[in-house]
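Trainee: Could you take me through one part of this model up close? I'd like to look at the charged side chains and how they are placed.

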Amino acid sequence: KPSTSKEEEKLIRVIEKDENIYSKPLFEANIFSSWRESAKQGTLAPKYLEAMAIIERTQEKLLEVESRARQAEEKFDDVNEKLHYALIRNKDLERELETILTSSRQKEFEGREEENEGEREDREDEEDDDD
C-alpha cells in the first residue's frame, strides 16, 4: 500500500497465516494484539502476556532513546559548527597578532638604526674635533 504520511515510515515484513509476506509499519499501534489473542487461548498465556508487556516497554524505551540520540546529534552539530567558527576566528586573530608584532619589531629595528646612525655621526664629529 502506498504511504499517505509525509514522513517515511519504517516497515517490517511479516509472514501472515496464509504464508504470504506483508509489509506493516514497525511501530504500528496494537501490533501485538493478534499475539495476545492467540496467547489467551493457550496454556502459556501468562508468559506470552508478560513477554508482550516487556516488548512494548522496550519499544517505548527505544523510542525515547532514539529521540534523545537525535537531540544529542543536533546539539553536537551545533557545537561542532560553533567550534569550527571559533577555530577560524582564532586563526584570524593569530594572523592579526603576528602582523602587529612584525610591524612593531620593524619599527623597533628602524628606531635602533636611527639611534645607531646618530651615535655614529656623533662619534665622527668627535673624531673630527680631535683631529
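Mentor: Sure, let's go along one helix and its charged residues, then take a quick look at a hairpin for contrast. Keep in mind that this is a predicted model. Our helix is H2, which covers residues 45–130.

Let's begin with the salt bridges, where a side-chain nitrogen of Lys or Arg sits within 4 Å of a carboxyl oxygen of Asp or Glu. By that rule the count comes to two. In one of them, Arg-70 meets Glu-66, with 3.4 Å from N to O. How far apart are Arg-70 and Glu-66 along helix H2? They are four residues apart, so about one helical turn separates them. Are these side chains out in the open or tucked away? To answer that, you need the cut-offs: buried means under 20% relative accessible area, exposed means over 50%, and partly exposed is in between. Arg-70 has 44% relative accessibility, so it counts as partly exposed. Glu-66 comes in at 28%, so it is partly exposed as well.

Now move along to the other pair, Asp-92 and Arg-95. Their closest N and O atoms are 3.1 Å apart, and they form a salt bridge. Both residues lie in helix H2, three residues apart, which again is about one turn of the helix. Here the two partners land in separate classes: Asp-92, at 34% relative accessibility, is partly exposed, while Arg-95, at 53%, is exposed.

Next, have a look at a group of acidic residues. Glu-73, Glu-74, Asp-77, Asp-78 and Glu-81 make up a negative surface patch. Pick out Glu-74, which is found in helix H2. With a relative accessibility of 48%, Glu-74 counts as partly exposed, because exposed would need over 50%.

Finally, here's that hairpin. Strand S1 takes in residues 11–15, and strand S2 takes in residues 21–25. The two run antiparallel and are joined by five bridges. If you want to find one pairing on screen, click on Val-14: its bridge partner in S2 is Tyr-22. Between the strands there are five residues, and in that turn Glu-19 has a positive phi of about 65°. How many of the five residues of S1 are buried? The number is zero, so strand S1 lies largely in the open.

Definitions and conventions:
Residues numbered from 1 in each chain as written. Predicted model: local features only at pLDDT ≥ 70, side-chain atom pairs only at ≥ 80, totals over all residues. Heavy atoms only, no water. Buried < 20%, exposed > 50% of the residue type's maximum accessible area, 1.4 Å probe, protein only. Pairing = 2+ DSSP bridges. Patch = residues over 30% accessible without salt bridge, like charges linked within 9 Å, V, L, I, M, F, W, Y side chains within 5 Å. Areas by Shrake-Rupley, 256 points an atom, 1.4 Å probe, with all protein chains shown as cover. Lys, Arg positive; Asp, Glu negative; His and termini not counted. Charge placed at Lys NZ, Arg CZ, Asp CG, Glu CD.
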